[in-house]
Amino acid sequence: MQLRKVMRIRAVLLAKTGLRIGMSRDQMAIGDLDNPVIRNPLTDEPYIPGSSLKGKLRYLLEWSLGGDYILKAKEKHVYASPDPNDPVARIFGLAPENNLEAARKRGPTRLLVRDAYLTPDSKEELERTIARGGYLTEIKQEVFIPRLGGNANPRTTERVPAGARFGVEMVYRVLDEKDEENFHKHVLKALELLELDGLGGHISRGYGQVYFLHPEKPLEAQEGLPLRERLLIQEVPAGHHAG
């Protein structure tokens, strides 16, 4: 087993509708919003954690494959396949303690997903809207109406406005021909499913619709293009680094 090359994926992730990835409730202070977004503690800017993006891609791929991925998954735990060639385990990783022998044969996690931060031009645009919400975000007022009567309960939800753009970078390790096949068959499929589904919370209420854009092509010219044409994919042989 030897690293042959890496596939570097770069794109701009466009929020076509308001995007909300929430912070942990134990991080909140008295007087905070009901549902704040996660922020970089150094810059206070909203961002998309790589763990959130990777986790949603894995979830969508598992549901598209079905079978044991769904039927044998346990509460808060993914299905731990004993097959060293299992595509989901190879792409997204699986704790070695689930099956040490399979982990040795399978090798390291293939897909690495970086945290995604606002692009400089998108940050500049959002700074002009600060009067309408929080810093680089909007505050959406919502009302929960009890079905059996009673008082309506207002709540405030913070989200990144539609039109915001984040720089996305992923790295995919290719160790053998199977990895090459999995990249084209499963990784790109998961990205397509993400556009059809959504990212973050409250997707069924209209939040989280996203769209990938090529970082070196005009944004307005890419609507409707196939996903592959809206990604910058670079193949880097082992022993070299991407420029």
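These exercises walk through one predicted chain, each with a worked solution.

The model is predicted, so local features need pLDDT of at least 70, side-chain atom pairs count only at pLDDT 80 or more, and totals for chains, interfaces and linings use all residues. Residues are numbered from 1 along each chain as its sequence is written, and side-chain values use heavy atoms, with hydrogens and water left out.

**Exercise 1. The whole chain**

Task: State how many helices and strands the chain has, and what share of its residues is buried.

Solution:
- Step 1. Count the elements. The chain has 6 helices and 9 strands. Helices (H or I, at least four residues) and strands (E, at least two) are DSSP runs, numbered from the N terminus.
- Step 2. Take the burial. Of the 243 residues, 43% are buried. Buried means under 20% relative accessible area, exposed over 50%, and partly exposed in between (1.4 Å probe, protein chains only).
- Step 3. Look at contacts, meaning heavy atoms within 4.5 Å. Among contacts between residues at least 6 apart in sequence, 67% join residues at least 24 apart.

**Exercise 2. Strand β7 and its partners**

Task: Find which strands pair with β7, and give a facing residue pair for each.

Solution:
- Step 1. Recall the rule. Two strands pair if DSSP finds at least two bridges between them.
- Step 2. Start with β1 (residues 5–15). It runs antiparallel to β7, with 10 bridges. Arginine 10 stands opposite glutamate 169.
- Step 3. Go on to β3 (residues 111–113). It is antiparallel to β7 over 3 bridges. Valine 113 stands opposite methionine 170.
- Step 4. Add β4 (residues 116–118). It pairs with β7 in the antiparallel sense over 2 bridges. Tyrosine 117 stands opposite glycine 167.
- Step 5. Check burial. In β7 (residues 165–174), 7 of the 10 residues are buried, so the strand is largely enclosed by the rest of the structure.

**Exercise 3. The two faces of β8**

Task: Decide whether the faces of β8 are covered or open.

Solution:
- Step 1. Use the general pattern. In a regular strand the side chains alternate between the two faces of the sheet.
- Step 2. Apply it. Val210 and Phe212 lie on one side, Tyr211 and Leu213 on the other. All four are buried, and both faces are covered.
- Step 3. Find the neighbour. β1 and β8 run antiparallel and share 4 bridges. Alanine 15 has valine 210 as its bridge partner.

**Exercise 4. Salt bridges across the sequence**

Task: Describe what the salt bridge between arginine 10 and glutamate 216 joins, then treat two further pairs.

Solution:
- Step 1. Set the rule. A salt bridge is a side-chain nitrogen of Lys or Arg within 4 Å of a carboxyl oxygen of Asp or Glu. The count comes to 20.
- Step 2. Place the named pair. Arginine 10 and glutamate 216 meet at 3.9 Å, N to O. Arginine 10 lies in β1 and glutamate 216 in the loop between β8 and β9, so the pair ties together parts 206 residues apart in sequence.
- Step 3. Compare exposure. Arginine 10 is partly exposed at 25%. Glutamate 216 is exposed at 57%.
- Step 4. Take lysine 123 and glutamate 45, bridged at 2.7 Å. Lysine 123 is in helix α5 and glutamate 45 in the loop between β1 and β2, 78 residues apart. Glutamate 45 is buried at 12%.
- Step 5. Take glutamate 125 and arginine 165, bridged at 3.0 Å. Glutamate 125 is in α5 and arginine 165 in β7, 40 residues apart. Arginine 165 is buried at 8%.

**Exercise 5. A buried charge without a partner**

Task: Locate arginine 106 and list its contacts.

Solution:
- Step 1. Find its place. Arginine 106 is in helix α4 (residues 100–106).
- Step 2. Look for a partner. Arginine 106 is buried yet has no salt bridge. The nearest side chain of opposite charge, aspartate 86, is 6.6 Å away. Lys and Arg count as positive and Asp and Glu as negative; His and the chain ends are not counted.
- Step 3. List contacts, leaving aside neighbours within four places in sequence. They are Met1, Ser81, Asp83, Pro84, Ala89, Arg90 and Leu94.

**Exercise 6. Histidine 214**

Task: Say where histidine 214 lies and what its side chain reaches.

Solution:
- Step 1. Histidine 214 lies in the loop between β8 (210–213) and β9 (232–237).
- Step 2. Histidine 214 is buried, at 8% relative accessible area.
- Step 3. The side chain of histidine 214 reaches the backbone nitrogen of glutamate 216 at 3.0 Å.

Conventions: A polar contact is a pair of N or O atoms within 3.5 Å; within protein, one must be able to donate a hydrogen and the other to accept it, and residues adjacent in sequence count only if both atoms are side-chain atoms.
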